[in-house]
Amino acid sequence: MLSVRSLSKRVGGRLLLQDFSLDVAPGEMVAVVGESGVGKSTLLNMVAGLEPFDSGAVIVDGCSLGALDDDSRTLLRRRTVGFVFQAFHLLAYLTAAENVAVPLRLLGWPDRERASRVSDVLQAVGLEGRSAAYPRELSGGETQRIAIARALVHRPRLLLADEPTGNLDTGTADDVLGLLVREVRRNAAAGLMVTHSHHAAARCDRVIHLEGDTGIPGAPRLEGDAAVPASPGAEGEAVVRPPARSQPVTASSADRIASS
Ligand SMILES: Nc1ncnc2c1ncn2[C@@H]1O[C@H](COP(=O)(O)OP(=O)(O)OP(=O)(O)O)[C@@H](O)[C@H]1O
Ligand SMILES: [Mg+2]
């Protein structure tokens, strides 16, 4: 569903990613962890086609982003991608429900189906009572859940979530993580979730660690070098173990370890 091939990215003279490769299968949720500034949000932006890369390829649902012009990339993103941005990016002049409806409006959904789907997704994030509120009237956690609802509303095949539970209390975070994993399974989507939370990472099938200062800038390794994946469908079984080796490995070798 998602294939990242030998991706390299330099930002302001610094090599963020080098030969980064990752495959995410339909129905699989992968956690991306790593220190602040290592390039996690930049990776998500590149996978979404929002930011260019220097070399390599990103293939989403069989389409190579580099081979598409801007319009085609926008259309692919509209249909296929749901993105929970780290900074939410809700539109200030639209209500919560109108914000959630934006992806469906862009896809031309008829009024009645749109309203019904928006209502269902607001209910799924526990905010059906806040549909008429404007972003300035929402708490941080409510804003985050509206951003999550907007990312899920069109049942995307690629779900990108940048610290989606950073503003939530433990109970609400648990509910939201369950919802994100369930939607990825249900839509046979590829999920990439950036998180600083071990608890959130453990709900994912695999954990990819972006390593920024190992001497191999941007070389990713598995968290603890030995995260054990849960098989898709078995939520919450991923285990993060203590480091078993000191050498960082590439994401593709991490994938092999994870799936062996
Ligand atoms: N457009 C840009 N111009 C210059 N530097 C940039 C640009 N975008 C990102 N960077 C730099 O690239 C690095 C990676 O940024 P990114 O936002 O991807 O980090 P991150 O891993 O998501 O961090 P955090 O956990 O704090 O969100 C940072 O040092 C950032 O300052
Ligand atoms: Mg970030």
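A residue is buried if 20 or more other C-beta atoms lie within 10 Å of its own, exposed if 12 or fewer, and partly exposed in between, with C-beta atoms placed from the backbone. The model is a predicted one, in which local features need pLDDT of at least 70, side-chain atom pairs count only at pLDDT 80 or more, and totals for chains, interfaces and linings use all residues. Residues are numbered from 1 along each chain as its sequence is written, while chains are lettered from A and ligands numbered from 1 in the order in which they are written.

**Exercise 1.** Classify the burial of serine 6 and of arginine 155, and examine the phi angle of each.

Solution. Serine 6 is found in strand E1; helices (H or I, at least four residues) and strands (E, at least two) are DSSP runs, numbered from the N terminus. Serine 6 has 15 other C-beta atoms within 10 Å, so this residue is partly exposed. Its phi is near 45 degrees, a positive value in a residue other than glycine. Arginine 155 is found in the loop between H5 and strand E7 (158-162). Arginine 155 also counts as partly exposed, with 15 C-beta neighbours inside 10 Å. Phi of arginine 155 is near 50 degrees, again positive in a residue other than glycine.

**Exercise 2.** Determine the strand order of the open sheet that contains E1, and identify the strands at its edges.

Solution. Two strands pair if DSSP finds at least two bridges between them. Strand E1 (residues 2-11) is joined to strand E2 (residues 14-24) by seven bridges, and the two run antiparallel. Within this pair, lysine 9 stands opposite leucine 17 in E2. The hairpin has two residues between the strands, and glycine 12 takes a positive phi near 50 degrees there. E1 also pairs with strand E4 (residues 55-60), in the antiparallel sense and over five bridges; leucine 2 stands opposite valine 60 in E4. The order of the four strands is E2-E1-E4-E5, with antiparallel pairing. E2 and strand E5 (63-64) each have a single partner strand, so one side of each is left without a neighbour in the sheet. Helix H1 packs on the sheet and touches E1, E2 and E4; its direction makes about 125 degrees with that of E1. For this angle, axes are lines fitted to C-alpha atoms, for helices over the stretch in contact, and angles run from 0 to 180 degrees between N-to-C directions.

**Exercise 3.** Describe the shell around ligand 1 by residue class and by its main helical contributor.

Solution. A residue is near a molecule if its C-beta atom, placed from the backbone, lies within 6 Å of it. The residues around ligand 1 include Val11, Gly12, Lys40, Ser41, Thr42 and Gln86. Helix H1 (residues 40-47) gives the most to this shell, with three residues. By class, the shell has three nonpolar, eight polar and one charged residues. Here Ala, Val, Leu, Ile, Met, Phe, Trp, Tyr, Cys and Pro count as nonpolar, Asp, Glu, Lys and Arg as charged, and the others, Gly among them, as polar.

**Exercise 4.** Identify the elements against which the buried residues of helix H3 pack.

Solution. In helix H3 (residues 96-106), the buried residues are Ala96, Ala97, Asn99, Val100, Ala101, Pro103 and Leu104. These pack against helix H4 (111-124) and helix H5 (140-152), where two residues are in contact if their C-beta atoms, placed from the backbone, lie within 7 Å. Just after H3, glycine 108 takes a positive phi of about 75 degrees.
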